[in-house]
Amino acid sequence: MKAKSTLIFMLLLMVSCSKSDGNPDDFFKSNIKDGTWTISSFIINEVEMASDYLDYVLKFKSNGKVTATKNSEVITGSWSINYEDSNSGDFYVLTKLYLNFNGSELFQKLNETWIYSNNTTDEIDVGLPTKSLRLIRNQ
């Protein structure tokens, strides 16, 4: 099991490193702020936890704040995207999503420095060796 998790993390790391032609993946930064998102998958140690986040709607704001809203409940936090250059001869960028929610034990499970692995206009995947998170844009 541990070898499988390590292999998945290494694959995520390879996919998240992209050769830079100037600006790092600005698409990721602008995409996450556009619209609202739901958690379609959240895996911790190979256990799917997304059902705990059913009906929460996430909004990533330009000021670095994030809200998770379900009915009248609003959970607040902060987010940022940072880029880490590789130290190798080639210039590669590792994209990281920082999440930090306050006051909610449920959402504090998302407090991590996530490594970007996939981003389309309607889906964002980030991961770590023992965790993965997939956000889907609300239509």
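## Aromatic pairs and the nonpolar core

Seven aromatic pairs are counted in this structure, which is a predicted model. Two of them share Phe 42.

In one pair, Phe 42 meets Tyr 53 edge-to-face. Their ring centres lie 5.6 Å apart, with 80° between the planes. Phe 42 sits in strand E2, while Tyr 53 sits in the loop between strand E3 (47–48) and strand E4 (57–60), so this pair ties together parts that are 11 residues apart in sequence.

Phe 42 also pairs with Trp 114. Here the centres are 6.2 Å apart and the planes stand at 70°. Planes over 60 degrees apart count as edge-to-face, so the pair of Phe 42 and Trp 114 is edge-to-face. This pair links distant parts of the chain. Phe 42 belongs to strand E2 and Trp 114 to strand E8 (residues 112–119), 72 residues apart.

How buried are these three residues? The cut-off for buried is under 20% relative accessible area. Phe 42 is at 0% and counts as buried. Trp 114 is also at 0% and counts as buried. Tyr 53 is at 1%, and is buried too.

| Pair | Centre to centre | Angle between planes | Geometry |
|---|---|---|---|
| Phe 42 and Tyr 53 | 5.6 Å | 80° | edge-to-face |
| Phe 42 and Trp 114 | 6.2 Å | 70° | edge-to-face |

The ring pairs build a cluster. Its members are Phe 42, Tyr 53, Tyr 56, Phe 101, Phe 107 and Trp 114.

Phe 107 leads on to the nonpolar core. The largest such core has 29 residues. Ile 39 and Phe 107 have the most contacts inside it. Strand E2 (residues 37–44) supplies the largest share of this core, with four residues.

Which residues does Phe 107 touch, leaving aside those up to four places away in sequence? They are Ile 39, Tyr 53, Tyr 56, Leu 58, Ala 68, Ile 75 and Phe 101. Among these, Tyr 53, Tyr 56 and Phe 101 are also in the ring cluster.

Helix H2 (residues 26–33) has its own buried residues: Phe 28, Asn 31 and Ile 32. They cover an arc of only 95° around the axis, so they lie on the same side of H2. Just after H2 comes Gly 35, with a positive phi of about 85°.

Methods:
Residues are numbered from 1 along each chain as its sequence is written. This is a predicted model: local features need pLDDT of at least 70, side-chain atom pairs count only at pLDDT 80 or more; totals for chains, interfaces and linings use all residues. Side-chain values use heavy atoms; hydrogens and water are left out. A nonpolar core is a set of buried Ala, Val, Leu, Ile, Met, Phe, Trp, Tyr and Cys residues joined through side-chain atoms within 4.5 Å. Buried means under 20% relative accessible area, exposed over 50%, partly exposed in between (1.4 Å probe, protein chains only). Helices (H or I, at least four residues) and strands (E, at least two) are DSSP runs, numbered from the N terminus. Contact means heavy atoms within 4.5 Å. Rings of Phe, Tyr and Trp (its six-membered ring) pair if their centres lie within 6.5 Å; planes under 30 degrees apart count as stacked, over 60 as edge-to-face and the rest as tilted. The arc is that of the directions from the helix axis to the C-beta atoms.
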